[in-house]
Amino acid sequence: MSKRVFPASELIINNDGSCFHLHLKPEQLADKVILVGDPGRVETVASHFDSKECEVSSREFHAITGTYQGKRITVQSTGIGCENIDIVMNELDTLANVDYTTRMEKEEHRSLTIVRIGTCGGLQPFTPTGCFIASVKSIGFDGLLNFYAGRNEVCDLQLEKAFKEHMQWDPVKGAPYVAVADAELINKIAQDDMVRGYTIACGGFYGPQGRQLRAPIADPDQNAKVESFEYEGMKVCNFEMESSALAGMASLLGHRAMTCCMVIANRYTTEMNTEYKNSIDTLIQKVFDRI
């Protein structure tokens, strides 16, 4: 099969040879990547490096590549939401698998190992503030993967069906999809000290997560239905905003990816920890040691 050549309007390369949004160059990308949402958290994560190789910033996208105990790692911020994961995953993939000089796909596929470290809202009594959750499968409320061919091949369609029936899903919201994290990577990172479960990646922080302020929400019972859903002995453990796009895009593009989050709010018990930035370093250290 002939390799594709991507025109300038599709693969946008900056004048300095970097990708359009991230401003990274191919040689600056490590095989191991840690994603965080907050650009300010990149420095916190990179403070674990033994040495730093390069640092690049553009808008909400901030990256540092360095080494930790002999491992070359890139830490990249994504900003908030699945739409930003679409940008980050596509551009990381081109950095790995497209020759930026010829704009041609490389002959040999390069697979990245990607771990997202984030924060989330716990949804069960067994997910208190401070605990770590590894997203085995992520239910995407955002609809991103529905725009890509091959979506059904990388999703758990039976879980999708069971979830929609349980939720009495209104099709006006668009079709949720269930993306599957890399099982080997989950075992390597989660080990025996992270809660494993389903995650819902929401297309917003307020209404999509069942928060009602001045604007009424369409389904006031949404969260109660989510909390009671169970499939093959596993429950929905948390809400966050990126895991489904990461797992889904990684599967489509041939990369290994997963999300692990620290619970900073428990929606079930209505508890909130606003000082989480002082304690998330424990999760960061675990990922560095295990990636």
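Is Gln69 buried or exposed? Gln69 is exposed, with a relative accessible area of 56%; here buried means under 20% relative accessible area, exposed over 50%, and partly exposed in between, using a 1.4 Å probe and protein chains only. This is a predicted model, in which local features need pLDDT of at least 70 and side-chain atom pairs count only at pLDDT 80 or more, while totals for chains, interfaces and linings use all residues. Residues are numbered from 1 along each chain as its sequence is written, and side-chain values use heavy atoms, with hydrogens and water left out.

Let us stay with the loops for a moment. Helices (H or I, at least four residues) and strands (E, at least two) are DSSP runs, numbered from the N terminus.

| Residue | Phi | Loop |
|---|---|---|
| Gln69 | near 45° | between strand 3 (61-68) and strand 4 (71-77) |
| Arg103 | near 65° | between strand 5 (98-99) and strand 6 (104-105) |

For Gln69, the phi value is positive in a residue other than glycine, and Arg103 is likewise a non-glycine residue with positive phi.

Now to the helices. Helix 2 (residues 82-97) packs with helix 6 (residues 243-253) at an angle of about 30°, their axes lying 9 Å apart. Axes are lines fitted to C-alpha atoms, for helices over the stretch in contact, and angles run from 0 to 180 degrees between N-to-C directions. The two helices are therefore roughly parallel to each other, a label for angles under 35 degrees (over 145 is roughly antiparallel, 65 to 115 roughly perpendicular, and the rest oblique). On the helix 2 side, the contact (heavy atoms within 4.5 Å) is made by Cys82, Ile85, Asp86, Met89, Asn90 and Asp93. Helix 6 brings Ser244, Ala245, Leu246, Met249, Ala250 and Leu253.

Helix 2 also holds Asn97, which is buried, with a relative accessible area of 8%. Leaving aside neighbours within four places in sequence, Asn97 is in contact with Met104, Glu105, Lys106, Glu108, His109, Arg110 and His255.

Helix 3 (residues 157-167) has Leu159, Glu160, Phe163 and Met167 as its buried residues. They cover an arc of only 105° around the axis, so they sit on the same side of helix 3; the arc is that of the directions from the helix axis to the C-beta atoms. Gln158 and Glu165 are exposed on the other side of helix 3. The buried residues of helix 3 pack against several elements, including strand 8 (132-140), strand 10 (195-201) and helix 5 (222-228).
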